[in-house]
2 protein chains.
Amino acid sequence: MKYCSECGHQVVLKVPPDDHLPRYMCVSCGTIHYQNPKLVVGCIPEWDGKVLLCRRAIDPRKGCWTLPAGFMENNETTEQAAMRETAEEALAEVDILAPLALVSVPHISQVHLLFHGRLRREQFGVGAETLETALFNQSVIPWEGIAFPSVRYALERFFEDQRRGQYGFHVTTWRKITAP
Amino acid sequence: MKYCSECGHQVVLKVPPDDHLPRYMCVSCGTIHYQNPKLVVGCIPEWDGKVLLCRRAIDPRKGCWTLPAGFMENNETTEQAAMRETAEEALAEVDILAPLALVSVPHISQVHLLFHGRLRREQFGVGAETLETALFNQSVIPWEGIAFPSVRYALERFFEDQRRGQYGFHVTTWRKITAP
């Protein structure tokens with residue numbers, strides 16, 4: 001951020017009065033521009049014990065497998081976001097059953113929220129950001145080709161919960177691994 | 001938003017190619033400025049079955065009772081956000097036990113996430129945005145003076161769960177009530 005989105009003048013990075021973190025502040029109109037984490041919301045679409053994965057047509061992690069998920073939009077609920085992303089990326093309709101996993105991703109200022117969903121019918125396709133979609137049993141999940149740690153985490157918890165016959169809500173942090 | 005925060009030129013509101021919603025786009029450099037919901041994170045700080053509430057010193061709902069909560073900051077986890085807000089607003093240290101409630105608030109593009117926390121000691125105070133803090137049993141909660149529906153929802157679920165001796169994770173939507 002270099003310019004004030006309200007008046008077009010320059011901004012400077014400094015700690016406002018009564019605050020404790022530096023913010024972008026306009027040198028002209030004084031507007032403080034707060035920047036906050038973004039919510040990425042999606043679901044595990046289940047059909048008859050199998051889960052629907054999408055192979056990514058775009059970077060990052062193009063060619064890898066993921067769950068339908070994306071940035072939540074203004075004026076929608078988390079459940080609506082998960083249903084919309086599933087419709088967009090997998091051309092599939094789901095009912096949202098329950099929240100399954102919450103993953104903080106502090107190094108990129110994101111929070112990932114994955115629901116357990118159920119496909120309304122065995123019908124899905126390939127959205128603009130997807131190369132292919134397919135249903136997988138646990139035994140054939142392409143674990144080596146999963147796009148993101150938060151997707152892997154949600155899938156692992158899902159199959160564990162499926163095995164014990166009770167679904168929980170699981171919280172973790174995905175930390176960037178830096179070389180020692 | 002009136003000006004591009006990258007180059008200072010004007011923005012227009014229009015649907016970008018391959019998108020389905022209008023975004024602020026710069027007429028000069030073409031940057032697309034996405035706007036997304038904000039996460040408000042906090043906790044129910046418990047001490048010996050009682051919960052710590054804060055009376056708000058600021059608008060909105062100045063003078064009403066709330067839970068320590070606020071906008072999540074970049075580069076922190078949800079648990080860190082809840083601990084930080086409790087330290088700032090109630091000068092209290094908590095351990096985060098488990099997520100308790102998730103409330104979508106689509107009319108103001110927010111998502112509220114409340115954890116169940118435990119005070120490390122019976123010690124709390126009054127932060128800059130707080131008039132007073134106090135521990136309440138369920139029977140003396142000032143229900144008529146609770147600041148926000150999401151706080152009321154979290155407190156109601158908390159005491160229900162406390163009664164049955166098992167804490168769950170509860171999801172709802174706070175919808176704006178409009179006159180018929």
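**A tour starting at helix α2(B)**

Start by selecting Ser150(B), Val151(B), Tyr153(B), Ala154(B), Leu155(B), Arg157(B) and Phe158(B): these are the buried residues of α2(B). "Buried" means that 20 or more other C-beta atoms, placed from the backbone, lie within 10 Å of the residue's own.

A quick note before you click on: this is a predicted model, where local features need pLDDT of at least 70, side-chain atom pairs count only at pLDDT 80 or more, and totals for chains, interfaces and linings use all residues. Residues are numbered from 1 along each chain as its sequence is written, and chains are lettered from A and ligands numbered from 1 in the order in which they are written.

Now show all of α2(B), residues 149–164. Helices here are DSSP runs (H or I, at least four residues), and strands are E runs of at least two, numbered from the N terminus. This helix has 16 residues and spans 23 Å from first C-alpha to last, close to the expected 22 Å (1.5 Å times one less than its number of residues). Add β4, β5 and β8 of chain B, which are among the elements covering its buried residues. Then click Gly165(B), just after the helix, with its positive phi of about 75°.

Next, bring in both chains. 34 residues of chain A are in contact with 34 residues of chain B (contact means C-beta atoms, placed from the backbone, within 7 Å). On the chain A side, select β8(A), which gives the most, with three residues. The copies meet through the same surface, since 100% of the interface residues of chain A are also interface residues in chain B.

Notes
Contact = placed C-beta atoms within 7 Å. Buried ≥ 20, exposed ≤ 12 C-beta atoms within 10 Å, placed from the backbone.
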